[in-house]
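Please open the structure in a viewer and keep the sequence panel visible. This tour proposes one selection after another and describes what is to be found at each stop.

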Amino acid sequence: MAETITVIQPSNKWKFFDLKELWSYRELLFAFVKRDVTAKYRQTIVGGGWAIIQPLFTMVIFSFFFGKLAKMPSDGVPYPIFSYAGLLLWTYFSNALSGASNSMIAASSLITKVYFPRIIVPLATTLQFIIDYFVATIILFVLMIIYHVPITIGLLGLPVIVFFTWLLAAGVGFILTSINVRYRDVQYIVPFFISLLMYVTPVIYPASVAERFRFILALNPMTGLIETHRALILSQPIPWSELGISIVYTLIIFVIGSLYFKKVERGFADVI
Amino acid sequence: MQNDIAISVEHLSKRYMIGGKQHQWSIRDTVEEFLRHPFGIGAEKHDKEEFWALNDISFEIKKGDVVGIIGRNGSGKSTLLKILARIVEPTIGKITMRGRVASLLEVGTGFNAELTGRENIYLNGAILGMSQKEIAGKFDEIVAFSGVEQFIDTPVKRYSSGMYVRLAFAVAAHLDSDILLVDEVLAVGDQEFQKKCLGKMDSLAKSGKTVLFVSHDMRSIRNICKNGMLLNEGNIIRFGSIEKIINYYEGLDVEELKFPAVSDGITIRGFNVIQNNSKVTNINCDSDCYVVVVFQIHQSLSDFRLGISILTEYGEFLIRSLMEDWDNSSSQIKPGSYSAKVCVPARILAPGTYTISLHSSLYGKGEFFPNNHISSSFQITSNVFNSLHKTEKIGCHILLPNPWELSKLSDS
């Protein structure tokens with residue numbers, strides 16, 4: 001067997017990730033995901049039920065205030081399933097993003113003690129919430145049955161949307177968590193930023209209410225993903241142009257995020 | 001790079017930015033700085049101070065060599081290990097390592113309190129770079145070594161600290177790598193466990209692995225390592241056989257201290273141990289020795305304190321002796337040069353390694369040298385004490401100087 005040769009040198013160049021190295025650390029990635037998922041709900045009564053409670057209760061509250069009292073339009077679909085179809089993906093995105101932003105700080109004791117590709121930390125955090133997403137789809141199916149929404153083949157498209165949402169959350173997360181290592185301001189900004197972002201994303205209202213300002217919504221990369229997510233569930237036509245814009249944004253953000261993370265990660269252990 | 005070299009380090013330096021104005025740490029300051037000097041144009045560098053933790057060091061370590069890295073706190077030992085372990089990046093220089101590298105800078109890195117012992121073995125193993133298959137293969141061995149079989153499916157937060165450490169070390173001890181970097185991890189657990197750890201380290205060292213071992217514990221370094229590297233202020237001072245390095249290091253404190261040490265109220269000109277009229281670093285406890293402090297007082301002082309403490313090699317505080325202890329008039333002192341001498345009686349301290357540390361202060365106002373401890377290490381030996389079992393570990397520090405009196409009462 002050829003001997004492994006490690007060369008350590010200061011580097012200043014912009015580089016993409018060493019995919020071969022990342023692949024060799026895949027087991028660590030899974031070990032982190034497994035740790036997060038197992039440790040998270042241990043010593044709780046509801047356990048994995050917490051994955052459902054967050055989007056479910058939000059849906060119930062919003063259905064009462066926006067659906068029933070404020071009569072928010074929902075493109076002719078019952079408001080509970082309309083909003084849940086948005087909240088399900090949004091919950092994933094917001095958990096993944098806020099988790100990723102704090103991930104490096106949370107792992108600081110590891111980062112100062114052992115080497116592994118640092119990117120694994122935010123990657124694992126964003127991945128673990130996908131499990132919550134799938135747990136929460138149980139309620140989606142219940143709602144689909146209650147409201148007689150046909151279960152169609154379109155649902156198979158959901159994992160694709162989740163995949164792009166993951167890329168987006170990870171890409172933004174890479175940048176925020178790197179900044180957070182140096183400036184703890186980030187941890188105060190992110191929750192606030194995420195809750196504001198929800199109102200400029202058509203999560204609990206249809207993009208159609210914005211009409212003239214629809215182009216502003218389209219600037220938000222989550223718009224196309226949420227709209228498509230809902231369209232797949234409700235068997236509505238897929239908003240291809242918005243989806244296309246979102247995917248392009250997502251890819252750009254992911255690449256920039258990865259490059260930025262790679263550029264600054266070598267200093268993490270010095271300043272964390 | 002030749003095939004028999006495991007680690008080659010060329011012109012390695014590591015710079016840290018310290019002090020000055022602590023800007024850079026909040027976004028506001030950075031934005032302000034950026035607006036003032038976009039892209040660093042015209043930025044003034046003077047408000048940041050450089051600190052070189054490692055200063056252009058080069059060395060090579062052969063395969064199978066077991067090298068102890070010693071030096072005072074802040075000498076760069078840990079920085080060197082962290083760079084080799086790829087935790088921090090060097091500022092300048094190049095390192096080439098042949099073989100699989102594993103680092104052990106802490107026992108139980110990444111242990112999660114909520115997870116069970118079993119789950120933590122897999123997690124910690126993965127963090128240390130073992131594959132899940134590898135861990136599964138060694139699982140029973142790891143559990144047996146740790147001695148926590150009974151609790152393997154209990155969350156580790158319910159473990160006693162000893163169990164926790166044993167399990168953590170057990171995982172680390174089963175790392176299979178060609179090069180092993182170890183930092184002071186053995187300073188945990190009880191004596192028995194430390195012995196087990198050292199034994200494991202020793203067998204690793206003998207199995208042909210290349211080991212770099214940082215420690216303050218000279219005894220374990222001496223036992224495990226063949227060669228040593230002595231660092232001081234980011235430079236390699238000595239590199240060679242471990243015996244020579246340790247002997248040099250233990251004498252170093254005395255030689256190296258920069259006397260006179262000057263502070264506001266006092267100038268220390270000398271701090272020595274004298275036995276049989278000569279300065280020593282190796283004290284024979286069969287006769288008295290004297291600690292002599294030569295100092296100068298610049299103005300009249302009241303509440304003056306001067307004296308020594310004697311500590312064990314693990315830093316336990318054993319003996320205090322201040323001038324004022326038996327003579328309270330000594331707390332008033334007039335300007336002038338003085339020599340103060342105290343006798344450390346024969347046959348009080350058991351053979352071993354001790355540190356004598358100088359104390360000088362104004363009572364209620366603090367020490368004259370709050371940041372620099374003036375101290376030196378001593379080896380104490382005896383020709384008489386326990387001479388039938390010279391190599392036996394004594395396990396105590398204080399002796400009674402008097403021999404026993406045995407009188408025969410009758411013939412039966």
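Two strands are said to pair if DSSP finds at least two bridges between them. The model on the screen is predicted, and the tour begins with a sheet to which this definition applies.

**Stop 1: the open sheet of chain B**

Select β5, β6, β7, β3, β8 and β9 of chain B, in that order. These six strands form an open sheet, and their pairing is mixed. Which strands lie at the edges of the sheet? They are β5 (101–104) and β9 (235–241) of chain B, each of which pairs on one side only. From one strand to the next, the twist averages 15°.

Now restrict the selection to β5(B) and β6(B), the latter covering residues 179–183 of chain B. The two strands run parallel and are joined by four bridges. Within this pair, Val101(B) can be found opposite Ile179(B) of β6(B).

Next, add helix α2 of chain B, residues 77–84. This helix lies across β3 (66–70), β6, β7 (210–214) and β8 (227–232) of chain B. Relative to β7(B), α2(B) runs at about 145°.

**Stop 2: chain B as a whole**

Select the whole of chain B, which has 412 residues. Chain B contains nine helices and 20 strands. What percentage of the residues in chain B is buried? The computed value is 33%. Among contacts in chain B between residues at least 6 apart in sequence, those that join residues at least 24 apart make up 72%.

**Stop 3: where the two chains meet**

Show both chains together. Here 26 residues of chain A are in contact with 35 residues of chain B. On the side of chain A that touches chain B, β1 (5–8), α2 (26–40) and α12 (268–271) of chain A each supply at least two residues. The largest share of that side, six residues, is provided by α2(A). Sorted by class, the side of chain A that touches chain B has twelve nonpolar, six polar and eight charged residues.

Then select β1(A) together with strand β4 of chain B, residues 92–98. These strands pair in the antiparallel sense over four bridges. Which residue of β4(B) is the bridge partner of Ile5(A)? The partner is Arg98(B).

**Stop 4: two helix pairs in chain A**

Two packed helices are described by the angle between their axes and the distance between the axes.

Select α3 (residues 50–69) and α6 (residues 120–146) of chain A. Their axes come within 8 Å and cross at roughly 60°; α3(A) and α6(A) are therefore oblique to each other. The crossing of α3(A) and α6(A) is right-handed. Display the side chains of Ala51(A), Ile52(A), Pro55(A) and Leu56(A) in α3(A), which meet Asp132(A), Val135(A), Ala136(A), Ile138(A) and Ile139(A) in α6(A). By class, this contact has eight nonpolar residues, no polar ones and one charged residue.

Finally, select α10 (residues 221–233) and α11 (residues 240–264) of chain A. These helices pack at an angle of about 130°, with their axes 7 Å apart, and they are therefore oblique to each other. The crossing in which α10(A) passes α11(A) is left-handed. Residues making the contact include Pro221(A) and Leu225(A) of α10(A), and Tyr249(A) and Ile253(A) of α11(A). The contact of α10(A) with α11(A) has six nonpolar, five polar and two charged residues.

Key. Residues are numbered from 1 along each chain as its sequence is written. Chains are lettered from A and ligands numbered from 1 in the order in which they are written. This is a predicted model: local features need pLDDT of at least 70, side-chain atom pairs count only at pLDDT 80 or more; totals for chains, interfaces and linings use all residues. Two residues are in contact if their C-beta atoms, placed from the backbone, lie within 7 Å. Ala, Val, Leu, Ile, Met, Phe, Trp, Tyr, Cys and Pro count as nonpolar, Asp, Glu, Lys and Arg as charged, and the others, Gly among them, as polar. Axes are lines fitted to C-alpha atoms, for helices over the stretch in contact, and angles run from 0 to 180 degrees between N-to-C directions. Angles under 35 degrees count as roughly parallel, over 145 as roughly antiparallel, 65 to 115 as roughly perpendicular and the rest as oblique. A crossing is left-handed if the near helix is turned anticlockwise from the far one by less than a right angle, and right-handed if clockwise. A residue is buried if 20 or more other C-beta atoms lie within 10 Å of its own, exposed if 12 or fewer, and partly exposed in between; C-beta atoms are placed from the backbone.
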